[in-house]
Amino acid sequence: EASSKRRRGVSQLHQNRARIRDGLMMVTWKMTRVGYRTRSAACRTRNGQRAWSSSSSSLPSRQLGRTGRTTPILGLGGVGLGEIYGEVKEADAVDCVVRALELGVSLIDTSPNYGNGKSEERIGMALNSGVLGTSATSLNAEDLTIITKCGDPGPQNGGHSPFSREGVHASFRTSLGRLQPPSGKIEVFLLHDASQADLDEFFAAEAGGFEAFRELRADGSVGATGIGVREHDVLLRFIEHQSDLGDVMLTVNDWNLIRRYAQPVLESAARKGSAVLNGGPLYMGLLSGIDPAVSFQQGAMKSGIRRPALIDLAQRARSWCLDRDVDFRALALHFAAGPGAPSPPISSSLVGARFASEIEELVNSLLLGCVTQVEKYTAAAEEFESVLGAEISEFDPEAHFYYDKSKIDL
């Protein structure tokens, strides 16, 4: 009952607000030398695939692999909405998601593990706030790509192993109840942070969680399945598995301006027709635009991390941008999501935000680097590569950030 009252309150709030579309929604696309056209035209193909195409919003979009869906090249990650990086009030978190929807960010990623369900609940409130299908946004329920996950320990598994058939079904039901997506389904359901041993259980012939994936996809409860994890050997095993459940792959902190290890996953996914989502284009805040030494310490999860060589590299990259009047965050998003992004292309890059102002800034930077000033940022990316590219390629992998899930309480 309390949850229903909160949802009604949020809905009333946004019905009463006389929102009009931001100037960001009125961007006019122009022909550029890197290969896309105006909103009314399809984009030039590159290596047999469209770089991106027009969408119902000002955000460029790409195909989501073999799913038949298209998604904006920028998606909203829900980690921060679960207060992993610091406290955020429920109303602020809901408003952040609503603002994302107003700006055409139709892909939203979450997990029951983000704040013990808090992220899912807040996203669900926003989805049911009344904003969809109004003059505030061009999006309708069918435009949304909602992603959540299973495979984490917790009550959502109903006392079962998170990698068993029963545990996966229980986790799905819990997430569906929290999110209450207007479509009545979860568009993408991912296995989360699994190890090789976890995959052994998941793919077990009897009572393995992969059977639940098959069943949920077959009955229409889920549109697509896949996995989100940093370890490439796990991603590649899932992609190549004979069950053919790898519709969507989520990489973590492996394709951004200063860390670039995702190419083997991209190539394997392309062979199978799987989509790749890029988690961490701003690399835990290092590329967010503020001083990396400050951003990398925000939130309890990161406060004790020490990566001096990595922070120094990020600071020098930021200084390079400041000296040339280049927006650091826009360059990072251009690298991760723009028309010069890797081939095979990443479908969407996920950015974290907790407040409406943050998602506005992120969308603005995306449009700056990938649409309105794309030629400037294409040239800047080429110059950046000539100056720092070799050092980034040779950077010690052990000096990069890596979190041990077993030691972090999300």
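This briefing walks through the sheet, the helix contacts and the salt bridges of the structure above. Please keep in mind that the model is predicted. At its heart for our purposes is a closed barrel of eight strands with parallel pairing. Three helix-to-helix contacts follow, at crossing angles of about 45° for α4 with α6, roughly 5° for α7 with α8 and roughly 85° for α11 with α13.

**The barrel**

- The strand order around the closed barrel is β5-β6-β7-β8-β9-β10-β13-β14.
- On average, and with direction ignored, neighbouring strands of this sheet are turned by 30° against each other.
- For a look at one pairing, take strand β7 (residues 145-150) and strand β8 (residues 186-192), which run parallel and are joined by four bridges.
- Within β8, Phe189 is the residue that stands opposite Thr148.
- Helix α12 (residues 356-372) packs on the sheet, where it touches β5 (74-77) and β14 (348-352). The direction of α12 makes about 155° with that of β5.

**Helices α4 and α6**

- Helix α4 (residues 165-179) packs with helix α6 (residues 209-218) at an angle of about 45°, and their axes lie 6 Å apart.
- That angle makes α4 oblique to α6.
- The crossing in which α4 passes α6 is right-handed.
- From α4, the contact draws on Arg165, Val168, His169 and Phe172, while α6 supplies Gly209, Glu211, Ala212, Phe213, Glu215 and Leu216.
- Sorted by class, the residues of this α4 and α6 contact are five nonpolar, two polar and three charged.

**Helices α7 and α8**

- The axes of helix α7 (residues 232-240) and helix α8 (residues 263-272) cross at roughly 5° and come within 10 Å.
- α7 and α8 are therefore roughly parallel to each other.
- On the α7 side the contact is made by His232, Leu235, Leu236, Ile239 and Glu240, and on the α8 side by Pro264, Val265, Ser268, Ala269, Arg271 and Lys272.
- Six nonpolar, two polar and three charged residues make up the contact of α7 with α8.

**Helices α11 and α13**

- Helix α11 (residues 328-337) and helix α13 (residues 374-394) have axes that come within 10 Å, crossing at roughly 85°.
- α11 and α13 are therefore roughly perpendicular to each other.
- Ala330, Leu331 and His334 of α11 meet Val374, Tyr377, Thr378, Ala380, Ala381 and Phe384 of α13 in this contact.
- The contact of α11 with α13 has seven nonpolar and two polar residues, with no charged ones.

**Salt bridges**

- Searching the whole structure turns up 18 salt bridges.
- One salt bridge brings together the side chains of Arg178 and Glu120, at 3.0 Å from N to O.
- This pair links distant parts of the chain, with Arg178 in helix α4 and Glu120 in helix α3 (residues 118-127), 58 residues apart.

Technical notes: Residues numbered from 1 in each chain as written. Predicted model: local features only at pLDDT ≥ 70, side-chain atom pairs only at ≥ 80, totals over all residues. Heavy atoms only, no water. Axes fitted to C-alpha atoms, helices over the stretch in contact; angles between N-to-C directions. Helix = DSSP H or I, 4+ residues; strand = E, 2+ residues; numbered from the N terminus. Parallel < 35°, antiparallel > 145°, perpendicular 65-115°, else oblique. Left-handed = near helix turned anticlockwise from the far one by under 90°. Contact = heavy atoms within 4.5 Å. Nonpolar A, V, L, I, M, F, W, Y, C, P; charged D, E, K, R; others polar. Pairing = 2+ DSSP bridges. Salt bridge = Lys/Arg side-chain N within 4 Å of Asp/Glu carboxyl O.
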